[in-house]
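Open the model in your viewer and show side chains as sticks. This tour moves from one charged pair to the next.

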Amino acid sequence: MAGPKGSKYYDVFLDYSIFLRHRQDDELFLSNEQLCLLLNIDELESISAAAKKMQISYRKAWELVKRAEEELGFPLVVKSRGGSQGGKSEMTNDGKLFVNAYRQLRDEFDESVKRVVKKFFQTINQ
């Protein structure tokens with residue numbers, strides 16, 4: 001909500017996305033879906049659980065991980081087979097570094113955007 005109830009800006013919201021692009025061809029590097037999946041795998045330590053949370057198939061999730069690994073040029077996830085405790089998917093050290101850096105970038109963007117948007121709407125709601 002960008003203004004008090006009944007104001008002309010009440011139903012106006014700001015949305016934004018962060019994109020990583022290749023320098024050479026300006027193509028998207030990793031999709032938001034891939035980044036979200038990696039964040040969920042890091043949190044849940046399971047490709048299956050991350051796929052379920054995102055309401056996508058395990059096969060699609062695994063394809064997104066493999067494509068991200070190809071685009072970045074290094075492994076992101078290590079799978080271990082299940083047993084009585086079930087399987088587990090862990091981020092590699094490089095994967096953790098990448099995911100944590102992305103999470104920090106996103107958090108800092110969110111804080112900055114909230115501050116700027118609040119100022120913007122305060123200005124137009126005077």
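The stops below follow salt bridges in this predicted model.

**Start with the whole structure.** How many salt bridges does a search of the whole structure find? The count is eight. Side chains of opposite charge can pair when their charged atoms come close. The next stops show some of these pairs.

**Stop 1: select E33 and K60.** Their side chains meet in a salt bridge, with N to O at 3.1 Å. Now colour the helices. E33 sits in helix α1, residues 32-44. K60 sits in helix α3, residues 58-72. The two residues are 27 apart in sequence, so this pair ties together separate parts of the chain. Turn on the surface. E33 has 28% relative accessibility and counts as partly exposed. K60, at 35%, is partly exposed as well.

**Stop 2: select R59 and E63.** Here the closest N and O atoms of the salt bridge are 3.3 Å apart. Both residues belong to helix α3. They are four residues apart, so about one helical turn separates them. Check the surface again. R59 is exposed, at 64% relative accessibility. E63 is partly exposed, at 40%.

**Stop 3: select K66 and E69.** Stay on helix α3, where both of these residues lie. Their spacing is three residues, about one turn of the helix. The side chains meet in a salt bridge, 3.2 Å from N to O. Which partner is buried, and which is partly exposed? K66 is partly exposed, with a relative accessible area of 35%. E69 has a relative accessible area of 9%. Buried means under 20%, so E69 counts as buried.

**Side trip: select D42, K96 and R103.** Salt bridges that share partners join these three residues into one network.

**Stop 4: return to E69 and zoom in.** This residue of helix α3 has further neighbours to inspect. What does the E69 side chain reach at 3.1 Å? It reaches the backbone nitrogen of V77. The E69 side chain also makes a polar contact with the side chain of K66, at 3.2 Å. Next, show the residues around E69. Leaving out those up to four places away in sequence, E69 touches F74, P75, L76 and V77. V77 therefore appears twice on this stop: in the list of residues touched by E69, and as the owner of the backbone nitrogen that the E69 side chain reaches.

**Last view.** Keep E69 selected with K66 and V77. The E69 side chain has a polar contact with the K66 side chain and reaches the V77 backbone nitrogen, while E69 itself is buried.

Conventions
Residues are numbered from 1 along each chain as its sequence is written. This is a predicted model: local features need pLDDT of at least 70, side-chain atom pairs count only at pLDDT 80 or more; totals for chains, interfaces and linings use all residues. Side-chain values use heavy atoms; hydrogens and water are left out. A salt bridge is a side-chain nitrogen of Lys or Arg within 4 Å of a carboxyl oxygen of Asp or Glu. Buried means under 20% relative accessible area, exposed over 50%, partly exposed in between (1.4 Å probe, protein chains only). A polar contact is a pair of N or O atoms within 3.5 Å; within protein, one must be able to donate a hydrogen and the other to accept it, and residues adjacent in sequence count only if both atoms are side-chain atoms. Contact means heavy atoms within 4.5 Å.
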